Amino acid sequence: MTSTPEEPIPLTRLTGRFVAPDGTALSGTISFAPPSEVTLPGSNIITSSAATVTLDSTGSFAVDLIPTDTAGMAPYGWPYTVTEKLKGQPRREYTILLPASPDPVDLADIAPVSPYAGNYRAVAGPVGPKGDKGDPGDSAAVDELHAHEADSTDVHGIADTSVLETQGGAQTKADSAQAAAEADATSKVTAHSQAADPHGDRADAASKYTPLSDARLTDARAPNGPAGGALTGTYPNPGLADATVAAFDPAGAASSAQTSAEAAAATDASNKISAHSAATDPHGDRADAASKYAPLSDARLSDARTPTAHATSHGQAGSDPVAVAQSQVTGLAPALAALLPLSGGTMTGALNTTLTQTTSVTQASLVSADTFDRYRRYADGKQEWGPGNAARDTNLYRDGVDSLRTDDSLAVSGTLRTPGGMTWRRRNLPDPTVVDSLYSGAAPTISVVQTTTPTSGYVKFAPAGVTLSGTDVTGAFTYLGAGNFQVGTGTPDNTYVLPTSRYPATRGNLTSSQAVWSLEFGTDAQIFQLRFNYQTAGAFRLSIDGRKVTDSLQPISGTTAGSTHLMTVDLGSAAPRVIRFDFYTVPFGGVYLPPAATVWSTVPNGGRFMVFGDSLSDGSTYNIGGGGGTWVHRAARFLGSNDVWDEARGGTGYITAGSYAILGDRVNADVIAWSPSRLVIWAGYNDNTGSQSSIAAAAASLYSTIKTSLPQTEVYVIGCWSPTGSPAASIVNTDSTLRTAAMGAGFPFISPLTGAAYDSAGTLVATHGAWITSANATAYIGGDGVHPNDAGHVYLARRITTSIRQLMPA
């Protein structure tokens, strides 16, 4: 671009930015080229060379260009040709009109809307209104301009300007030439496509190849040409050559063949005659005779033979009766004397009856005129009794290992002794309002200090197994709710015990798989100090003489986790008392007592109460004290038991292992090994989205194992939990599946969905209504919408024990 310095060139700032669809800046160059030379006022000239800019790191550019609508410019309204060369993008080319503007113009505002859709040509807009008349300028310059315009020769080196074409005329001629070229090309393409052989390919192929229909390309055609070999003449009708015919000797060949055939026939006939002569029964005559005649050796042809059976003729009513006296039969008289007469008589020795079915009758008794057996005994030992004039209505039979059962009632006039255990009755249960009440005596004073040093002079009563030193003695403690207590290893864990009677039965450093258990001992001391190791999750509940001091477990305070602490309890006075601690995650290290105080063990009462299930019994973050704060301990108190075993594991079920194992894999170690007196099985919620057939099979197997291994244990099955008043279909189905399995095992069943209680025969005993409803769910269910909160566990303890009491005999 060249210009004279007399007048400044008008410029407009053009900007733009190029980015990919994901916002990434593009790189490359943008070129802006005028179409031809352009003059500006003041004789400035724009050459046709392009102005090129390179995109920066943000994909942006800025360039100053002469506006295409500059006044006085000739030609006026010409466009810039824009060429985009961007990395990774197709080359783009289009035209723009750049208006004069004091502010920057963005390329995106003047570029064609869709340059990919075709070619675009920038066109100037409509002519605006005529402006005011300008300054006429220097008259001499105007005269010079007019003279210049009138001059038709030697202008800018052009000898005759009259031959020059105007821009509009040139464009019209160019458009006409382009249209003619397009029409010519279209005509030639059409003629080419319609030509039969435009390139001569077909003619060339015809001179070099034969068509596929040529008969010579098939095998099915008549041969031609001269014949050869044994043939003479030409095809298609050759003849047999004379030499070939002369080579044959039909007569000699036939003679030789005849001789060979006769020899073979003679040999064959000789072989067949020999085989016939050597055959035992060539015509089957002997076999035919054997089927029609008796051999001479047949015993029937002799008079010395056994007569045919005719005993009936010698019978009492026969044609030839024979009378036999007892004396004529050797041993008959003593044999008859040893037999039991049909009426009366005495039998000694065993009466053995061998039958094919367990349901076969081995004995039946009637009284004259009876229409039914009054008594019947079957091969499997089952006995039945009845009135004689109607069906038998009372039974007694074997129910399992070491167990008899009746489906009716058994009245005992004397004393019924049951050394192996007995069914609990409602009248044996404590008053729930009393057993669940708080301790009414003076509130004890409790303080906790992180220390290993007890009050001076106090004697340490250590857990069994802990190494003693100085004045230490082994304490007479009663452990409840757990077993397999183990002393830890290393300092300080070697001075503490924890139980390991729950899956997976492990003992870690100051930890164990059994988090919930209880400690009891009797003492006459006013003050004692409990030695324990502080764990942040630890909790306890103190009970005195069978009454709890607090309703729920309390956090066991401490200073440094993992350190020894002493809890000092001041009871206010010295008196014989039974002290109980319910623990959750508390390693136990013994009790310190004043030197004059004594300590003794206690005896569990109410049998061993055990719960086997999931987190509904094991506890969650929505109740205090983990498993020690659930419904289990309160329900046990209502049922009169202080030996409370919580063998539940959160996340588990009949077919769901969670982080542990399914019930069937845990039952032997967690339940059967500890022989509970009463067992509540409550699971199924974690299984409800699984296969109902799998749940049914797992439940049936579990119940069978418990029934066989624990025949004396009272078992109650609770169905599938529903934390809402509108249980899903899978929960309803699981509840029904478990009820069917419980009935098959002969276990009572309680449904949380309906509150229905079924006895061991599957008979509905009572219906108390759904446990959780839309009206009470907010009060009893925790923030996760699944687990009960503290109020919910109090509520469940009462609902569950109400159903169990309903199922117990009076």
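Trainee: What makes up the exposed surface of the protein?

Mentor: In this predicted model, the protein exposes about 46,200 Å², and carbon and sulfur atoms supply 54% of that area.

Trainee: How many of the residues are buried, as a percentage?

Mentor: Of the 810 residues in the protein, 34% are buried. The term applies to a residue with under 20% relative accessible area.

Trainee: Why is isoleucine 718 called buried?

Mentor: Its relative accessibility is 0%. The cut-off is under 20%, so isoleucine 718 counts as buried. The residue is found in strand β41.

Trainee: Why is valine 322 called exposed?

Mentor: Valine 322 has a relative accessible area of 52%. Exposed means over 50%, and therefore valine 322 is placed in that class. Its position is in the loop between α7 (285–290) and α8 (332–337).

Trainee: What makes the nonpolar surface patch?

Mentor: Val322, Val324 and Val329 form this patch of about 250 Å². Membership requires over 30% relative accessible area; the 52% of valine 322 therefore satisfies that condition.

Trainee: Which residues are in contact with isoleucine 718, leaving aside its neighbours within four places in sequence?

Mentor: They are Val680, Ile681, Trp682, Ala683, Leu738, Phe749, Ile750, Pro752, Trp771 and Ile800. Each is counted because heavy atoms lie within 4.5 Å. For isoleucine 681, the separation from isoleucine 718 is 37 residues in sequence and 6.1 Å from C-alpha to C-alpha.

Trainee: How do you know that strands β41 and β42 pair?

Mentor: Pairing requires at least two bridges. Strand β41 (residues 714–718) and strand β42 (residues 749–750) are joined over two bridges, in the parallel sense, so the requirement is met. Valine 717 has phenylalanine 749 of β42 as its bridge partner.

Trainee: What is the order of the strands in the open sheet of seven strands?

Mentor: The order is β39-β38-β40-β41-β42-β43-β44, and the pairing is mixed.

Trainee: Why is one side of β39 and of β44 left without a neighbour in the sheet?

Mentor: Strands β39 (643–646) and β44 (764–767) stand at the edges, and each has a single partner strand, so one side of each lacks a neighbour in the sheet.

Trainee: Which helix lies across β38, β40 and β41?

Mentor: Helix α13 (residues 692–709) lies across β38 (608–613), β40 (678–682) and β41. The helix runs at about 175° to β40. On a scale from 0 to 180 degrees between N-to-C directions, the conclusion is therefore that α13 and β40 run in nearly opposite directions.

Note on methods:
Residues numbered from 1 in each chain as written. Predicted model: local features only at pLDDT ≥ 70, side-chain atom pairs only at ≥ 80, totals over all residues. Heavy atoms only, no water. Helix = DSSP H or I, 4+ residues; strand = E, 2+ residues; numbered from the N terminus. Patch = residues over 30% accessible without salt bridge, like charges linked within 9 Å, V, L, I, M, F, W, Y side chains within 5 Å. Areas by Shrake-Rupley, 256 points an atom, 1.4 Å probe, with all protein chains shown as cover. Salt bridge = Lys/Arg side-chain N within 4 Å of Asp/Glu carboxyl O. Buried < 20%, exposed > 50% of the residue type's maximum accessible area, 1.4 Å probe, protein only.
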